[in-house]
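Let's take a walk through a protein together, one piece at a time. Have the sequence and the 3D view ready, and turn the picture as you read.

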Amino acid sequence: GWKFAIVSFETQPVWLHQCVIVSLLSGKPYSLQREDHMTDDELRYWCDKIKGHFFFHTIPYEARTIENVLAMVRETYDKQPFDALLVDPFSELKLSAVTRGTSLEILQNALSAIRAFTYTTQTHSWVICHPTKEPIEARGKRSDRVIDLQDISGGRLFQNVGDVGITIHRHNKGESGDHTEVFVKIRISTIDLH
């Protein structure tokens with residue numbers, strides 16, 4: 001029953017993102033290229049089912065600042081409250097022209113703005129970040145070292161500002177023994193519960 005505001009710069013246009021979601025929910029591909037794809041009736045059914053649960057935001061390239069993103073989703077929230085915000089990927093946001101300081105200070109301000117939005121609206125926010133680069137062993141083979149928040153540009157800030165950090169590591173991608181691990185880091189609160 002949750003409602004999500006989605007700002008995805010990677011899965012565009014919006015109808016494609018909707019198709020990905022209904023494909024996940026239905027367990028069937030939406031692509032006509034696949035033999036076992038959804039029928040038109042099934043596609044309509046699932047599209048109707050997700051209406052009112054996902055609010056997709058398209059933001060022009062030149063307007064991709066955290067201020068614009070949060071203003072747009074705040075407008076949505078004021079009309080139709082939602083439970084969670086997803087920004088994917090964070091690296092597609094442009095550094096704000098109005099904020100002065102180093103890139104780390106600007107990054108910290110952006111993360112703090114998202115956190116403030118989360119607290120004032122009592123929602124959850126997920127910020128998807130990609131590592132700066134995959135770890136590579138000396139001989140050019142993939143390393144089995146687990147990627148963590150430190151592998152994101154400005155990773156220490158993500159680790160210190162976020163309440164929870166989740167990293168996903170895929171071992172032996174496409175090979176025998178292929179499997180995925182999920183690692184969760186929770187920032188310890190200093191609140192005294194007594």
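In which helix is Thr118 found? Look along residues 103-121: that stretch is helix 4, and Thr118 sits in it. Keep in mind that what you're looking at is a predicted model. Is Thr118 buried or exposed? Its relative accessible area is 14%, and since anything under 20% counts as buried, Thr118 is buried. If you skip residues up to four places away in sequence, Thr118 touches Thr123, His124 and Ser125.

Now zoom out. The protein has 5 helices and 6 strands, and reading along the sequence you meet them in the pattern β-α-α-β-α-β-α-β-α-β-β. There are 194 residues, and 32% of them count as buried. Take the contacts between residues at least 6 apart in sequence: 57% of these join residues at least 24 apart. As for the outside, the protein exposes about 13000 Å², with carbon and sulfur atoms supplying 53% of that.

Next up is the sheet. Four strands make an open sheet in the order 2-1-3-4, with parallel pairing. Strand 2 (54-56) and strand 4 (124-127) are at the edges; each has a single partner strand, so one side of each has no neighbour in the sheet. On average, neighbouring strands here are turned by 15 degrees against each other, ignoring direction. Want to see one pairing in detail? Strand 3 and strand 4 run parallel and are joined by 4 bridges, and Ala84 stands opposite His124 in strand 4. You've met His124 already, as one of the residues Thr118 touches.

What about the inside? In soluble globular proteins, nonpolar side chains tend to be buried together. Here, the largest nonpolar core has 26 residues, and Val73, Phe82, Leu85 and Phe90 are the ones with the most contacts inside it. Strand 1 (4-8), helix 3 (66-79), strand 3 (84-88), helix 4 and helix 5 (155-161) each give two or more residues to this core. Apart from it lies another core, of 8 residues, including Ile21, Val22, Met38 and Trp46. Back in the largest core, pick out Leu85: leaving aside residues up to four places away in sequence, Leu85 touches Ala5, Val7, Leu70, Val73, Phe117, His124, Ser125 and Trp126.

Finally, see how the helices pack. Helix 3 and helix 4 have axes 10 Å apart and an angle of about 10 degrees between them. That is under 35 degrees, so the two helices count as roughly parallel. On the helix 3 side, the contact is made by Ile66, Leu70, Val73, Arg74 and Tyr77, while helix 4 brings Ala110, Ala113, Ile114, Phe117, Thr120 and Thr121.

Helix 1 and helix 2 (residues 40-50) are another story: their axes come within 10 Å and cross at roughly 100 degrees, so these two are roughly perpendicular to each other. Gln18, Ile21, Val22, Leu25 and Ser26 of helix 1 meet Leu43, Trp46, Cys47 and Ile50 of helix 2. While you're in helix 1 (residues 14-26), look for His17. At 10% relative accessibility, His17 counts as buried, and beyond its neighbours within four places in sequence, His17 is in contact with Ile6, Ser8, Thr11 and Phe56.

Note on methods: Residues are numbered from 1 along each chain as its sequence is written. This is a predicted model: local features need pLDDT of at least 70, side-chain atom pairs count only at pLDDT 80 or more; totals for chains, interfaces and linings use all residues. Side-chain values use heavy atoms; hydrogens and water are left out. Buried means under 20% relative accessible area, exposed over 50%, partly exposed in between (1.4 Å probe, protein chains only). Contact means heavy atoms within 4.5 Å. Accessible areas come from the Shrake-Rupley method with a 1.4 Å probe; for residues, only the protein chains shown count as cover. A nonpolar core is a set of buried Ala, Val, Leu, Ile, Met, Phe, Trp, Tyr and Cys residues joined through side-chain atoms within 4.5 Å. Two strands pair if DSSP finds at least two bridges between them. Axes are lines fitted to C-alpha atoms, for helices over the stretch in contact, and angles run from 0 to 180 degrees between N-to-C directions. Angles under 35 degrees count as roughly parallel, over 145 as roughly antiparallel, 65 to 115 as roughly perpendicular and the rest as oblique.
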